[in-house]
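Visitor: Hey, could you walk me through this structure? I'd like to start with a cysteine and then see where we end up.

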Amino acid sequence: MDFDFIQRFAPMYAKAAGLTLRIGLIGIALSLVVGALCCLAKYFRVPVLKQVAAVYIELARNTPLLVQLFFLYFGLPKVGVKLSAETCAITGLTFLGGAYMAEALRSGLEAVDRGQAESGMCIGLTPLQNLRFVILPQALATAIPAIGANAIFLIKETSVFSAVALADLMYVAKDLIGMYYKTDEALLMLTVAYLTLLLPISIVFSVWERRLRYAGFGGAVQGQ
Amino acid sequence: MSNQPILEVKHLSKHFDGNGVLKDVSFTLAEGEVIVVVGPSGCGKSTLLRCVNGLERPDGGEILLDGARIDAGADLVQVRRQVGMVFQSYDLFPHMDVLGNLTLGPVQAMKRPRLEVEAEAEKALERVGLAEKLHALPRQLSGGQKQRVALVRAMLMHPRLLLLDEITAALDPEMVREVLNVVLDLARDGMTMMIVTHEMRFAEAVADRVLFLEGGSVLEEAPPREFFHNPRTDRARQFLDTFEFDAVK
């Protein structure tokens, strides 16, 4: 193990980790927005939009991210749309993540008992008020574990962005291996970098999930 | 008391998948009156209640609330602000404490000042013997306590009409009593109610009129004394007999 090598290139990994995290977090945030929109289109049964959402979800979930990315990076310029590698990465991640987040949110919404919505209606809430005060808080509590799993999955998926020459963690590791043949060191640092990014996120979501469970909603069925 | 009934149901019909669940149901409900709907399970009692506040869309006939038609064009949100409903499964909001459950409708839907509603909620809770449960979560309450909270939640909307759908069906016997006492109090205070129940003694005590529903049709409509002690139809007599037990010895 060449510790000088590790010391020398650690800053490079740190910088790449920053990029990975930034793209990952922006992608996750946008995925949640896209997912929420799809989910609401389905929930309120908005004509046309509901079908568009269904097609999009199936398309995004059943094609690999790499293929989606190649389409954006190599395909779109052919029709005159040229996006930077970073824009491609964020767009690609959002395209994929939006579908997964839509499904996570949908599972949360579906877990809310039908009687809850009816109770909200019976105290005169408008559909939007009902969603905001009664349904969403419970749906989100149920969906948090799935949203957390998706968030971690999406950050890991950023590793394919190295294929479009974006200097993320994976790219740096491949680069170093190519230049110095220090495979063990490069891969060790790569693993450590991903763990450093993902473990805290994983822990935050676990704690959050447990808190919600103790608060007594989100799937915890109580006896009479 | 005005002459116009609060609720008029005329020739109401409703189908599910081609099956007639309600067939030509008509009745009226005057202010301060309590009507109890009884009948075997699957006879359409719950569907009838749910049509009255628009949770189900009828296929035919009309429903008039204070003379105004409830139909596809009606603002159902407005209708539901005047027609309260309590269900068998309580359906309290599990992520809010009792106070949150009670104030949500008046504060958000009716735009009333929070402090005023909270004071009223506290008083109302005290009346049903749950003053100390103000900040409890629903899961910390017994079934009977939950159902009393659900009743208070509906009443804080100051409805013109209250619909109760088998509100004691999921409760242990000793809890049934505490819930029904609250309903009897409401009736004494002149609350207009439409009640679906299997508690026949309670029905007899609280009802001004009984509607016997079978197969989606009204077979009998009579004052409780008459219905429970002298039913006109054989079907009603059979139904009432199922609540009696002959001694084994």
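Guide: Sure. Keep in mind that this is a predicted model. A:Cys88 is buried, with a relative accessible area of 0%.

Visitor: And B:Cys43, is that one buried or exposed?

Guide: B:Cys43 counts as buried, at 2% relative accessibility.

Visitor: Which cysteine sulfur is closest to the one in B:Cys43?

Guide: That would be the sulfur of B:Cys51, but the two are 13 Å apart, so they are too far from each other for a bond.

Visitor: How many disulfides turn up over all chains, then?

Guide: Zero, after a search of the whole structure.

Visitor: You mentioned B:Cys51. Which residues are buried along with it in α1(B)?

Guide: Besides B:Cys51, the buried ones in α1(B) are B:Lys45, B:Thr47, B:Leu48, B:Leu49, B:Arg50 and B:Val52. Seven of the eight residues of this helix, which covers residues 45-52 of chain B, are buried, so the rest of the structure largely encloses it.

Visitor: What comes just after α1(B)?

Guide: There you meet B:Gly54, which takes a positive phi of about 80 degrees.

Visitor: Let's switch to the two chains together. How many residues of each are in contact?

Guide: On the chain B side 30 residues are in contact with 25 residues of chain A.

Visitor: How much area do they bury between them?

Guide: About 2200 Å², with 58% of it on carbon and sulfur atoms. The size of an interface is often given this way, as the accessible area lost when the parts come together.

Visitor: How many salt bridges cross that interface?

Guide: The rule finds one. It joins A:Glu118 to B:Arg50, and their closest N and O atoms are 2.6 Å apart. B:Arg50 is also one of the buried residues in α1(B).

Visitor: How many residue pairs are in polar contact between the chains?

Guide: Seven, counting pairs where both residues are at pLDDT 80 or more.

Visitor: Which elements of chain B give two or more residues to the side that touches chain A?

Guide: In chain B those are α2 (76-82), β6 (83-86), α3 (98-109) and α5 (143-155). The largest share, four residues, comes from α3(B). By type, the residues on that side of chain B divide into 15 nonpolar, seven polar and eight charged.

Visitor: Back to salt bridges. How many does the structure hold over all chains?

Guide: There are 25 over all chains. In one of them, the side chains of A:Glu86 and A:Arg22 meet at 2.9 Å, N to O. That pair links distant parts of the chain, 64 residues apart: A:Glu86 sits in helix α4 (residues 85-111) of chain A, and A:Arg22 sits in helix α1 (residues 3-43) of chain A.

Visitor: Is A:Glu86 buried or partly exposed?

Guide: A:Glu86 is partly exposed, with a relative accessible area of 27%. A:Arg22 counts as partly exposed too, at 40%.

Visitor: What about salt bridges inside chain B?

Guide: Try B:Arg114 and B:Glu118, with their closest N and O atoms 3.9 Å apart. Both lie in helix α4 (residues 114-127) of chain B, four residues apart, which is about one turn of the helix. B:Glu8 also forms a salt bridge with B:Lys10, and there the closest N and O atoms are 3.9 Å apart. B:Glu8 is buried at 18% relative accessible area, whereas B:Lys10 counts as partly exposed at 31%.

Visitor: Which residues are linked in a network of salt bridges?

Guide: A:Glu58, A:Arg61, A:Glu103, A:Arg106 and A:Glu110.

Visitor: Last topic, B:Asp66. Where is it?

Guide: B:Asp66 is in the loop between β4 (60-65) and β5 (68-69) of chain B. At 27% relative accessibility, B:Asp66 counts as partly exposed.

Visitor: What does B:Asp66 contact, leaving aside neighbours within four places in sequence?

Guide: B:Asp66 is in contact with B:Gln4, B:Pro5, B:Ile6, B:Gln82 and B:Arg160. Take B:Ile6: B:Asp66 and B:Ile6 are 60 residues apart along the chain, yet their C-alpha atoms are separated by 4.7 Å.

Notes: Residues numbered from 1 in each chain as written. Chains lettered and ligands numbered in written order. Predicted model: local features only at pLDDT ≥ 70, side-chain atom pairs only at ≥ 80, totals over all residues. Heavy atoms only, no water. Contact = heavy atoms within 4.5 Å. Buried area = accessible area lost by both parts, 1.4 Å probe. Salt bridge = Lys/Arg side-chain N within 4 Å of Asp/Glu carboxyl O. Polar contact = N/O pair within 3.5 Å; in protein donor to acceptor, adjacent residues only side chain to side chain. Nonpolar A, V, L, I, M, F, W, Y, C, P; charged D, E, K, R; others polar. Disulfide = S-S within 2.5 Å. Buried < 20%, exposed > 50% of the residue type's maximum accessible area, 1.4 Å probe, protein only.
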